Amino acid sequence: MSLTNLAWAFAKLCFRDSPLLHAIAARAIVSISEFAEQNLSNMSWSFAKFVVKHMPLITAISASSVSRLTHFLPQNLANTVWAFAKL
């Protein structure tokens, strides 16, 4: 998903823009049910990298992840757990 790639790219480049991150979070919450497991992992990792604690997004990612935990690859699960621990 391009939204996740955008958040990941900004995190990887250490380019922090709070209004942009909040806009990404708002859009992600609306479409979270369409996210694949890797997208959920990458989105949580991106926000943790910036230490942006956007609770509505974290709640949405958590709720969406719980029902699909058995489908997560080990790396995606590890990244998501790390992100939640960091936040």
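These legends go with four close-up views of a predicted model.

**View 1. Helix α2 packed against helix α4.** Here we look at α2 (residues 18–31) and α4 (residues 55–66), whose axes come within 9 Å and cross at roughly 30 degrees. Angles under 35 degrees count as roughly parallel, so α2 is roughly parallel to α4. If you like to keep track of handedness, the crossing of α2 and α4 is left-handed. On the α2 side, look for A25, A28 and I29; they meet P56, L57 and A60 in α4. Sorted by class, the contact of α2 with α4 comes out as 6 nonpolar residues, with no polar and no charged ones.

**View 2. Helix α2 again, now with helix α3.** The partner this time is α3 (residues 37–50), which packs with α2 at an angle of about 155 degrees, the two axes being 12 Å apart. Since angles over 145 degrees count as roughly antiparallel, α2 gets that label with respect to α3. The crossing of α2 and α3 is left-handed. From α2, the residues making the contact are L21, I24, A25 and A28, and from α3 they are M43, F47 and F50. By class, that contact of α2 with α3 has 7 nonpolar residues and, once more, nothing polar or charged. A25 and A28 are worth finding in both views: they meet residues of α4, and they also belong to the contact with α3.

**View 3. R68 in the loop after α4.** This close-up moves to R68, which sits in the loop between α4 and α5 (74–86). Is this arginine buried or exposed? R68 has 15% relative accessibility, so it counts as buried, the cut-off for that being under 20%. Its side chain makes a polar contact with the side chain of S64, at 2.5 Å. What else does R68 touch, once neighbours within four places in sequence are left aside? The residues in contact with R68 are then I32, S33, F35, A36, E37 and L40. One of them, E37, falls within α3 (residues 37–50).

**View 4. S31 in helix α2, with L3.** The last close-up returns to α2, the helix that holds S31. With a relative accessible area of 3%, S31 is buried. How far apart are S31 and L3 in sequence and in space? Along the chain, 28 residues separate S31 and L3, while their C-alpha atoms are 9.8 Å apart.

Conventions: Residues are numbered from 1 along each chain as its sequence is written. This is a predicted model: local features need pLDDT of at least 70, side-chain atom pairs count only at pLDDT 80 or more; totals for chains, interfaces and linings use all residues. Side-chain values use heavy atoms; hydrogens and water are left out. Axes are lines fitted to C-alpha atoms, for helices over the stretch in contact, and angles run from 0 to 180 degrees between N-to-C directions. Helices (H or I, at least four residues) and strands (E, at least two) are DSSP runs, numbered from the N terminus. Angles under 35 degrees count as roughly parallel, over 145 as roughly antiparallel, 65 to 115 as roughly perpendicular and the rest as oblique. A crossing is left-handed if the near helix is turned anticlockwise from the far one by less than a right angle, and right-handed if clockwise. Contact means heavy atoms within 4.5 Å. Ala, Val, Leu, Ile, Met, Phe, Trp, Tyr, Cys and Pro count as nonpolar, Asp, Glu, Lys and Arg as charged, and the others, Gly among them, as polar. Buried means under 20% relative accessible area, exposed over 50%, partly exposed in between (1.4 Å probe, protein chains only). A polar contact is a pair of N or O atoms within 3.5 Å; within protein, one must be able to donate a hydrogen and the other to accept it, and residues adjacent in sequence count only if both atoms are side-chain atoms.
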